[in-house]
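User: I'm new to reading structures and would like a close look at one part of this one. Could you pick a part, walk me through it slowly, and then say how it sits with the rest?

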Amino acid sequence: MDKADAKLGNYTCEITELTREGETVVELKYHSVSWFSSNECILIIAFPIVTVILFWGQLCFISKYFHFL
């Protein structure tokens with residue numbers, strides 16, 4: 001079933017087994033959750049930025065002290 005086809009709410013399911021019968025109420029709800037916590041998101045953004053800054057600093061250092069670039 002597609003998420004767009006399902007209507008949120010309570011549904012009653014009729015249960016029929018060999019030895020018993022009855023009804024069960026099931027609540028259908030949609031909840032969206034982020035894969036990462038806020039701290040993890042900050043680290044995911046910060047590490048590539050720090051890597052680029054360190055790489056750029058390394059290139060500046062090499063070009064300043066070693067004049068082959």
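Analyst:
**A close look at helix α1**

Let's start with confidence: in the protein chain, helix α1 (residues 38-65) scores highest, with a mean pLDDT of 92, while strand β2 (residues 21-28) scores lowest, at 88. This is a predicted model, so those scores deserve a look before anything else, because coordinates should not be read in detail where pLDDT is low. Across the protein chain the average is 87, and 94% of the residues reach at least 70.

Now, where does the helix come in the chain? Reading from the N terminus, the order is β-β-α, with one helix and two strands in total. So helix α1 comes after both strands, because elements are numbered from the N terminus and the order is β-β-α.

What does the database record say about this stretch? An unreviewed UniProt entry puts a "transmembrane region" at residues 42-62. That label comes from the record, and such annotations may be inferred rather than shown by experiment. In the model, those residues are 100% helix and 0% strand, with 30 Å between the C-alpha atoms at the two ends.

Let's zoom in on a couple of residues. Phe47 belongs to helix α1. Is Phe47 buried or exposed? Its relative accessible area is 54%, and the cut-off for exposed is over 50%, so Phe47 counts as exposed. To get a feel for distances along the helix, try Phe47 and Gln58: they are 11 residues apart along the chain, and their C-alpha atoms are separated by 16 Å.

Glu40 is in helix α1 too. With a relative accessible area of 38%, Glu40 is partly exposed. Ala6 is 34 residues away from Glu40 along the chain, and 32 Å separates their C-alpha atoms.

Next, the surface. Trp35, Phe36, Ile44, Ile45, Ile49 and Ile53 make a nonpolar patch of about 710 Å². One of these residues, Phe36, sits in the loop between β2 and α1. Phe36 has 41% relative accessibility, so it is called partly exposed.

How does the helix relate to what comes before it? A handy marker is Arg20, in the loop between β1 (9-16) and β2. Pair Arg20 with Val52, 32 residues further along, and the gap between C-alpha atoms is 66 Å. Arg20 also takes part in the one salt bridge of the structure. Its partner is Glu17, with 3.4 Å from N to O. As a rule, side chains of opposite charge can pair when their charged atoms come close. Glu17 is partly exposed at 42% relative accessible area, whereas Arg20, at 53%, is exposed.

Finally, step back to the whole chain. The C-alpha atoms fill a box of roughly 85 × 25 × 20 Å along the principal axes. The radius of gyration is 29 Å, where a compact globule of 69 residues would come out near 11 Å. And how much of the chain is buried? Buried residues make up 0% of the 69. Keep in mind that only the protein chains count as cover here, so "exposed" says nothing about any other surroundings.

Terms used. Residues are numbered from 1 along each chain as its sequence is written. This is a predicted model: local features need pLDDT of at least 70, side-chain atom pairs count only at pLDDT 80 or more; totals for chains, interfaces and linings use all residues. Side-chain values use heavy atoms; hydrogens and water are left out. Helices (H or I, at least four residues) and strands (E, at least two) are DSSP runs, numbered from the N terminus. pLDDT is the predictor's confidence in each residue, from 0 to 100. Patches are made of residues with over 30% relative accessible area and no salt bridge: like charges are joined within 9 Å, nonpolar side chains (Val, Leu, Ile, Met, Phe, Trp, Tyr) within 5 Å. Accessible areas come from the Shrake-Rupley method with a 1.4 Å probe; for residues, only the protein chains shown count as cover. A salt bridge is a side-chain nitrogen of Lys or Arg within 4 Å of a carboxyl oxygen of Asp or Glu. Buried means under 20% relative accessible area, exposed over 50%, partly exposed in between (1.4 Å probe, protein chains only). The radius of gyration is taken over C-alpha atoms; the globule rule is 2.2 Å times the number of residues to the power 0.38.
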